[in-house]
Each structure stands twice: as structure tokens, then as C-alpha cells.
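Reader: I have the sequence and the coordinates open and would like to go through the fold step by step. Please keep the answers short.

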Amino acid sequence: MKKCIVCQKDIVSGKAAKVREDRIIRGLRKIKQMFNIARNFELYVCEEDFQKNTDKRKQYEKNVIVYTILAVCLFLVLVGLPLLGGKFNILLLLSCALLSILVVLFALLFKYVPATETQLEVISSIGSSVEVTKIIAPVQEKLKNIPIQKEESKKRIANLKR
Ligand SMILES: [Zn+2]
């Protein structure tokens, strides 16, 4: 099932852009699988939400850069000031590093906007190519086995005649 991640609607027709699978999406899926709540939707953004999502994604990418710079500054100030005063504390260094990482993680996760493919693809209710190969593959297997069965039955018939 294809689902729009913005309006949560099922996409059965029209155009939509596929969401790019990145580490965050794969991570969230793994967490959901751990708790057995994964529904394995194919994630898309529908045509109506496409522009909105693209703009939000651009803003998100900017935010990540800003938050990263902020975190580095925070780290430098928190660690640098005591250093200037001639004090060095490994615990302070570690806790500042942790705090800085948390700031970046917060920006990455809680304001997360996934990237999509830049091209919209046409969605049809016939099914995706993956589903088609699922149907075709077993048939192909059966077709492969048919000549062998014929050979075997010929042999059997030959044996019976003897
Ligand atoms: Zn939508």
C-alpha cells in the first residue's frame, strides 16, 4: 500500500514522489518492527503535498546546518571557557559533547522531514513492479519444471512398456 506521509491518504492513482529511504527512515522502521507495529507502507508524497514537502525539506536541511553550527559553538564555549581559566575536566568535556550531540539529534529527529525523489511518478492501481515480479516468479519456476516433468514421464512410460 502506498501512503502519503503528509496527508496520510492512500495513493491509488495520480502522481506521487517516492520518499527516499535514509538512515532515519530505516531506523524508525526497525524500531517499529521491534515493537511489531510496522505496517510496511510504501512511503510517498502525493502531488498536492509535493511542493509543500519539498519546501519543508529545504528548510529542514538548513535547520540541520544551523543546529550543527550552534551545537559546535555551544561545545566550544562550554569547554573553551574553563580551559581559558586553566581548568581541564574530562567529565565536563564529555557532558558538553553529549549535550551538543543531543541538540543535533533533536533537530534531526523531532523536526524530521524526509526527502523525496525529485520526479513524480505515475501511480496506477495495477500494482508496483515488485508485486508483479512476486506473481510472475512462481509461474516462471513452474514453467522451468515442465520440460523436466515431460522427460521424466517419457522415461516412466518407456519403463512401463518394457
Ligand atoms: Zn498527501
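Reader: How many helices and strands does the chain have?

Author: This is a predicted model. Along the sequence, the elements follow the pattern β-β-α-β-α-α-β-α. The count is four helices and four strands.

Reader: In what order do the strands stand in the sheet?

Author: β1 (residues 2-4) is joined to β3 (residues 42-46) by three bridges, and the two run parallel. β2 (residues 14-18) is also joined to β3 by three bridges, but this pair runs antiparallel. The pairing is therefore mixed, and the sheet is open, with the order β1-β3-β2-β4.

Reader: Which strands stand at the edges?

Author: An edge strand here has a single partner strand, so one of its sides is left without a neighbour in the sheet. The two strands in this position are β1 and β4 (121-123).

Reader: By what angle are neighbouring strands of this sheet turned against each other on average?

Author: The sheet in question is the open one formed by four strands. Its neighbouring strands are compared with direction ignored. The average is 55°.

Reader: Which residue in β3 stands opposite lysine 18?

Author: On the β2 side, alanine 17 stands opposite valine 45 in β3. On the β1 side, cysteine 4 has tyrosine 44 of β3 as its bridge partner. Lysine 18 likewise stands opposite tyrosine 44.

Reader: At about what angle does α2 run to β3?

Author: Helix α2 covers residues 47-84. It lies across β1, β2 and β3. Its angle to β3 is about 90°.

Reader: Are α2 and α3 roughly parallel or antiparallel to each other?

Author: The axes of α2 and α3 (residues 90-110) come within 9 Å and cross at roughly 165°. Angles over 145 degrees count as roughly antiparallel. α2 and α3 are therefore roughly antiparallel.

Reader: How many charged residues are in the contact of α2 with α3?

Author: From α2 the contact includes Val64, Leu74 and Phe75, and from α3 it includes Leu93, Val103 and Leu108. Asn63 and Thr68 of α2 and Ser100 of α3 also take part. By class there are 19 nonpolar and three polar residues, and the number of charged ones is none.

Reader: What share of the chain is buried?

Author: A residue counts as buried if 20 or more other C-beta atoms lie within 10 Å of its own. The chain has 162 residues, and the buried share of them is 8%.

Reader: What share of the contacts with a separation of 6 or more is between residues 24 or more positions apart?

Author: One place where distant parts of the sequence come together is the pairing of β1 (residues 2-4) with β3 (residues 42-46). Across the chain, the share is 82%.

Technical notes. Residues are numbered from 1 along each chain as its sequence is written. This is a predicted model: local features need pLDDT of at least 70, side-chain atom pairs count only at pLDDT 80 or more; totals for chains, interfaces and linings use all residues. A residue is buried if 20 or more other C-beta atoms lie within 10 Å of its own, exposed if 12 or fewer, and partly exposed in between; C-beta atoms are placed from the backbone. Two residues are in contact if their C-beta atoms, placed from the backbone, lie within 7 Å. Axes are lines fitted to C-alpha atoms, for helices over the stretch in contact, and angles run from 0 to 180 degrees between N-to-C directions. Angles under 35 degrees count as roughly parallel, over 145 as roughly antiparallel, 65 to 115 as roughly perpendicular and the rest as oblique. Ala, Val, Leu, Ile, Met, Phe, Trp, Tyr, Cys and Pro count as nonpolar, Asp, Glu, Lys and Arg as charged, and the others, Gly among them, as polar.
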